[in-house]
Amino acid sequence: MSRLSRMSSMERRKLIAAISAFWNLIMIYFELNKLLMKKPEPIPADSTNKRWKYFKNCLGALDGTHIDVRPLKEERTRYRDRSGDLTINCFGVCTPDLEFVYCLAGWEGSAHDARVLNDALNRPNGLVVPEGCYYLCDSGYANSPGFLTPIRGPRYHIDETRGHLPQTAEAYYNWRHAQARNVVERIFGVLKMRWAILRESTWFSIPVVARIVLACCILHNFIKKEHGVDIYERTFRDQDIQQHGSNEVETMAGISSTQPTEAWNQFRTDLVSEMWQTRPARFRASYSV
């Protein structure tokens, strides 16, 4: 005998009412999305933020995280990620001040990050990256117009107290890039710490789990707007993140592919050189580019 069949008629009515209320909340997601998803603002040329001032016209950072699910037996292979867990891929884009700009949840855990990004760029009401602007992302993505990645190869270990400083321009750039890009890892950490349902698998269907993720992102932005920094954010914050300018990005046609170009690679090369030449005095030693 199922648990539902053992319920009294009153309990069943209450359960059905709760489910209906839940779905009504989910269905207004699209309206809330318009109101609460943050419109990104480019980093201005006169920014003084020590993490972001090097990345003029940058809008924020993006990455993916995984949420545990329980797919049907015949679908488990598609949902098994590189760690062997059954998950969905949740792609998130955020601003430097820890607000979500965009979220796409539901891709199988085995899907490559670049594939999910391309889907986000080309779907209706998808991610918009205006020409001339870009997001920071890790080396799992292609270094292409609109998406700035680290340089593969150079490793760095920064420990100023022990004199461990970057010895090349590339290592210094990678360190600065990681310092700023860390914001997307922090926002996912805050999200999972706040919402326990995102930390473990449930018996909800995969489409419902995907909607729950989106709803949590919207609620995160609502809490951020109403209360500012909260206890969960402080747990992941090691320095203040300032708001930037008022150069709000209007919705417009933007980048629709992640195809690398020589011009964009040159942009990164020039940025690496500029960072190295203008690095603070404490990073200056007997090193050359």
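This passage looks at the nonpolar cores and the cavities of a predicted model.

The cores come first. The largest nonpolar core takes in 50 residues, and the ones with the most contacts inside it are F55, I88, L136, L148, Y173 and V213. Quite a few elements chip in: at least two residues each come from the strands β1, β2 (87-94), β3 (100-108) and β4 (134-136), and likewise from the helices α6 (169-194), α7 and α9 (262-277). The top contributor is α6, which puts 11 residues into this core.

L148 gives a good feel for how things are packed. With neighbours within four places in sequence set aside, L148 is in contact with F55, L136 and Y173, three residues that also turn up among those with the most contacts inside the largest core. The contact list for L148 further includes Y134, Y135, C137, N143 and H177, along with W264, F267, R268 and L271. Apart from the largest core sits another one, made up of 21 residues, with A120, V129, Y135 and F147 among them.

As for empty space, the model has two cavities of 30 Å³ or more. The second largest has a volume of about 40 Å³, and its lining consists of I67, D68, I197, L198, E200, T202, V209 and I212. Sorted by class, that makes five nonpolar residues, one polar and two charged. Both β1 (58-68) and α7 (206-227) provide at least two of the lining residues. These two elements thus show up twice, since β1 and α7 also each supply at least two residues of the largest nonpolar core.

Methods. Residues are numbered from 1 along each chain as its sequence is written. This is a predicted model: local features need pLDDT of at least 70, side-chain atom pairs count only at pLDDT 80 or more; totals for chains, interfaces and linings use all residues. Side-chain values use heavy atoms; hydrogens and water are left out. On a 1 Å grid over the protein atoms alone, a cavity is a set of points where a 1.4 Å probe fits but cannot get out, and a pocket is an open set with protein on both sides within 12 Å along at least five of seven lines; lining residues have an atom within 4 Å of a point. Grid points are joined across faces, edges and corners, and a volume is the space filled by probe spheres set on the points. Helices (H or I, at least four residues) and strands (E, at least two) are DSSP runs, numbered from the N terminus. Ala, Val, Leu, Ile, Met, Phe, Trp, Tyr, Cys and Pro count as nonpolar, Asp, Glu, Lys and Arg as charged, and the others, Gly among them, as polar. A nonpolar core is a set of buried Ala, Val, Leu, Ile, Met, Phe, Trp, Tyr and Cys residues joined through side-chain atoms within 4.5 Å. Buried means under 20% relative accessible area, exposed over 50%, partly exposed in between (1.4 Å probe, protein chains only). Contact means heavy atoms within 4.5 Å.
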